[in-house]
Amino acid sequence: MSGQSGTAKWISIVVMVIGAVMVIAGAVTYAQVSSTLSNERIVVSEDACLGGSTVSGPFAAYCEAQIIETHALEATGGKTYAELDREDPLRQVAMNGSFLRASLFTSVVAFGVAAMAIGIGIVFILLGIAVLSLAGGHAVAKTE
């Protein structure tokens, strides 16, 4: 039975290493997205949730994206890019607002994926520890 115990131990170590890599990759990604947003020096509009804060995290990015939509719709009389005539000069305003929102929402998604990678990595580490514990406990029970 020690062969099965040895296999379980190796599997648990591999799972824990994969989990650690996921945690590190997620944390690095989260920090990189945060740093990149901070370097842009975007400040959330005062009339938005979290107004006045620097956009460096997912909540501030989301708030700024939402207020950009509000401001763009106010500027275009409630019309979106697709609803404006091609010759309408406000179409450029709608397009810029749409691009800015898409960029901010992309960072929100990146933050979410990074957090998910960290969470899954932690689960992998815990599963590895559990398998290692069970493999060790099984071997001890059989030898007694």
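The exercises below, each with a worked solution, concern a predicted model.

**Exercise 1. The disulfide**

Task: Determine which cysteines form a disulfide, what handedness the disulfide has, and which parts of the chain the pair ties together.

Solution: Begin with the sulfur atoms, for which the cut-off is a separation within 2.5 Å. The sulfur atoms of Cys49 and Cys63 are 1.9 Å apart, and the two residues therefore form a disulfide under that cut-off. By this rule the count for the model comes to one disulfide.

Next, take the torsion about the S-S bond of Cys49 and Cys63, which is about -110°, so the disulfide is left-handed. Then place the two residues: Cys49 lies in the loop between helix H1 (2–39) and H2, while Cys63 lies in helix H2, so the pair ties together parts that are 14 residues apart in sequence.

Finally, consider the accessibility of each partner. Cys49 has a relative accessibility of 44% and so counts as partly exposed, whereas Cys63, at 6%, counts as buried.

**Exercise 2. Positive phi in the loop between H1 and H2**

Task: For Arg41 and Leu50, state where each residue lies, what its phi is, and whether it is exposed or partly exposed.

Solution: The background to this exercise is that most residues other than glycine have a negative phi. Arg41 has its place in the loop between H1 and H2, and its phi is near 55°, a positive value in a residue other than glycine. The place of Leu50 is likewise in the loop between H1 and H2, and the phi of Leu50 is near 60°, again positive in a residue other than glycine.

For accessibility, the cut-off for exposed is over 50% relative accessible area. Arg41 has a relative accessible area of 68% and is therefore exposed, while Leu50, at 46% relative accessibility, counts as partly exposed.

**Exercise 3. Aromatic rings and a charge over a ring**

Task: Describe the geometry of the aromatic pair formed by Tyr62 and Phe105, and say which residue lies over the face of Tyr81.

Solution: A search of the whole structure finds two aromatic pairs. One of them is formed by Tyr62 and Phe105, whose centres are 5.8 Å apart and whose planes make an angle of 55°, an arrangement classed as tilted. The tilted class applies because the angle is neither under 30 degrees, which would count as stacked, nor over 60, which would count as edge-to-face.

Now locate the partners: Tyr62 lies in helix H2 and Phe105 in helix H3, so the pair ties together parts that are 43 residues apart in sequence. Both side chains belong to partly exposed residues, Tyr62 with a relative accessible area of 40% and Phe105 with one of 25%.

The last step turns to Tyr81, where Arg91 lies over the face of the ring, at 4.0 Å from the ring centre.

**Exercise 4. The largest pocket**

Task: Give the volume of the largest pocket, the helices that supply at least two residues of its lining, and the make-up of that lining by class.

Solution: The largest pocket has a volume of about 160 Å³. Its lining draws at least two residues from helix H2 (58–75) and at least two from helix H3 (90–143). Among the lining residues are Ile68, Glu69, Ala72, Leu73, Lys79, Tyr81, Gly97 and Arg101. Sorted by class, the lining has five nonpolar, four polar and three charged residues.

The Tyr81 of the preceding exercise, with Arg91 over its face, is thus also one of the residues that line the largest pocket.

**Exercise 5. Separation in sequence and in space**

Task: For the pairs Val17 and Gly128, Ile129 and Ala114, and Gln92 and Thr80, set the separation in sequence beside the C-alpha distance.

Solution: Start with Val17, which lies in helix H1 and is partly exposed, with a relative accessible area of 48%. Val17 and Gly128 are 111 residues apart in sequence, and their C-alpha atoms are 8.7 Å apart in space.

Continue with Ile129, a residue of helix H3 that is partly exposed at a relative accessible area of 45%. Ile129 and Ala114 are 15 residues apart in sequence, and from C-alpha to C-alpha they are 23 Å apart.

Finish with Gln92, which lies in helix H3 and counts as partly exposed at 43% relative accessibility. Twelve residues along the chain separate Gln92 and Thr80, and their C-alpha atoms are separated by 11 Å.

Notes: Residues are numbered from 1 along each chain as its sequence is written. This is a predicted model: local features need pLDDT of at least 70, side-chain atom pairs count only at pLDDT 80 or more; totals for chains, interfaces and linings use all residues. Side-chain values use heavy atoms; hydrogens and water are left out. On a 1 Å grid over the protein atoms alone, a cavity is a set of points where a 1.4 Å probe fits but cannot get out, and a pocket is an open set with protein on both sides within 12 Å along at least five of seven lines; lining residues have an atom within 4 Å of a point. Grid points are joined across faces, edges and corners, and a volume is the space filled by probe spheres set on the points. Helices (H or I, at least four residues) and strands (E, at least two) are DSSP runs, numbered from the N terminus. Ala, Val, Leu, Ile, Met, Phe, Trp, Tyr, Cys and Pro count as nonpolar, Asp, Glu, Lys and Arg as charged, and the others, Gly among them, as polar. Buried means under 20% relative accessible area, exposed over 50%, partly exposed in between (1.4 Å probe, protein chains only). Rings of Phe, Tyr and Trp (its six-membered ring) pair if their centres lie within 6.5 Å; planes under 30 degrees apart count as stacked, over 60 as edge-to-face and the rest as tilted. A charge sits over a ring if NZ of Lys or CZ of Arg is within 6 Å of the ring centre and within 35 degrees of the ring normal.
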